[in-house]
Amino acid sequence: MDDVKLIGTFDVTEMVFLAFVLFFIALVFYLRREDRREGYPLEDEVTGRVDKPGGVLTTGSPKTFKMPFGRGTVTTPTKGREKVDVAGERTFRSPGAPYYPTGNPLEDGIGPAAWADRADHPDLDAEGHNRIVPIDTVPSITVHRNDADPRGMAVVGADGETAGTVTDIWVDRAEHVIRYLEVDTGAKKVLAPMGMSKVQGKKNTVVIDAINADQFAAAPVPKKAGEITFYEEERIVAYFGGGYLYANRARQEPLI
């Protein structure tokens, strides 16, 4: 069957092809605008000089999202820049050169101890309840009878010394898993990530080899009892995660 002519020699096939090309070009511009909502404008790694933000074809228009449970709105791109002053120095002056901490490496926010400024309010479940809470506040969640209950067990650090005793378990009420172990160091109670803990039921011991025993007492803690925020989770995990490199000098040296 002959193609249907629209105007002169311009037929339906050509119209469909041109429509696809125009759609594809528009899609490319749309995606390029959308993927620049965060992290732009770029800045030079060495001098900190901020690049030009670009025009309307490279920068997406702001979008506002309504947060659930009355937590207001969030607009992207967010205003302001992340902090560029870090407690560390470059190993050498070149783009991509790593930093080394000059203070407390577990708290300086460098390398594996880095954290993001997340929202300073608790994560919520679908019903609006705090998602991560002490296990005693959720009667429906218990430790399985075939598993070792870590409460009352001694906590051993990377140096083999005792850091304290597990006094409580913090669980995720949405996923029914343990998120943190509450450890009484004698000086204060801190939360240690369960993902970095190894429960040895037969030895009545919990091994957390991320940091040394004497470093537990300086770990960040939630400011409100029985509640932990996104930001506090970020700081706690960064502190313990940083220990895999910074807990002692031996971990910072090459293996060969």
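Start by selecting arginine 179 and aspartate 172: their side chains meet in a salt bridge, 2.9 Å from N to O. (A salt bridge here is a side-chain nitrogen of Lys or Arg within 4 Å of a carboxyl oxygen of Asp or Glu.) Before you go on, note that this is a predicted model, where local features need pLDDT of at least 70 and side-chain atom pairs count only at pLDDT 80 or more, while totals for chains, interfaces and linings use all residues. Residues are numbered from 1 along each chain as its sequence is written, and side-chain values use heavy atoms, with hydrogens and water left out.

Now colour the pair by accessibility. Aspartate 172 counts as buried because its relative accessibility is 2%, whereas arginine 179 is partly exposed at 29%. (Buried means under 20% relative accessible area, exposed means over 50%, and partly exposed is in between, with a 1.4 Å probe and protein chains only.)

Add Asp123, Arg131 and Glu175 to the selection: together with Asp172 and Arg179 they are linked in a network of salt bridges. The structure holds 17 salt bridges, and two others are worth a click.

- Select glutamate 182 and lysine 189, whose closest N and O atoms are 4.0 Å apart in a salt bridge. Glutamate 182 is buried at 14% relative accessibility, and lysine 189 is partly exposed at 46%.
- Select lysine 223 and glutamate 232, joined by a salt bridge of 3.4 Å, N to O. Lysine 223 is exposed, at 62% relative accessibility, but glutamate 232 is buried at 9%.

**Into the core**

Next, pick Val155, Ile208, Phe216 and Phe240. Of the 34 residues in the largest nonpolar core, these touch the most other members. (A nonpolar core is a set of buried Ala, Val, Leu, Ile, Met, Phe, Trp, Tyr and Cys residues joined through side-chain atoms within 4.5 Å.) At least two residues of this core come from each of strands S7 (132–134), S9 (162–172), S10 (177–184) and S11 (189–193), and from helix H2 (230–246). S9 gives the most, with 5 residues. (Helices, H or I of at least four residues, and strands, E of at least two, are DSSP runs numbered from the N terminus.) In soluble globular proteins, nonpolar side chains tend to be buried together.

Zoom in on valine 155 and show its surroundings. Setting aside neighbours within four places in sequence, valine 155 is in contact with residues including Thr165, Val166, Val183, Val206, Ile208 and Phe216. (Contact means heavy atoms within 4.5 Å.)

**A hairpin and two positive phi angles**

Move to strands S3 (residues 63–66) and S4 (residues 73–76), which pair in the antiparallel sense over 4 bridges. (Strands pair if DSSP finds at least two bridges between them.) Click lysine 66, and you will find its bridge partner in S4 is threonine 73. The hairpin has 6 residues between the strands. Which of them should you pick out for its positive phi? Go for phenylalanine 69, where phi is about 60° although the residue is not a glycine. Phenylalanine 69 is partly exposed, with a relative accessible area of 47%.

For another positive phi, jump to histidine 176 in the loop between S9 and S10. Its phi is near 55°, and this residue is not a glycine either.

**The loop between H1 and S3**

Select arginine 37, which sits in the loop between H1 and S3. Is arginine 37 buried or exposed? Buried, because its relative accessible area is 9%. Not counting residues up to four places away in sequence, arginine 37 touches Gly60, Ser61, Pro62, Lys63, Thr76 and Pro77. Try a distance to serine 61: the two are 24 residues apart in sequence and 8.4 Å apart in space, C-alpha to C-alpha.

In that loop you can also find proline 41. Proline 41 is partly exposed at 35%, and its contacts beyond four places in sequence are Val50, Asp51, Lys52 and Pro53. Draw a line from proline 41 to glycine 152, 111 residues along the chain, and their C-alpha atoms are separated by 51 Å.

**Last stop: the surface**

Valine 56 lies in the loop between helix H1 (12–34) and S3, and counts as exposed at 64% relative accessibility. Select it with Phe17, Leu18, Phe20, Val21, Phe23, Phe24, Ile25, Val28, Phe29 and Leu57 to show a nonpolar surface patch with about 1,100 Å² of accessible area together. (Patches are made of residues with over 30% relative accessible area and no salt bridge, with like charges joined within 9 Å and nonpolar side chains, meaning Val, Leu, Ile, Met, Phe, Trp and Tyr, within 5 Å; accessible areas come from the Shrake-Rupley method with a 1.4 Å probe, and for residues only the protein chains shown count as cover.)
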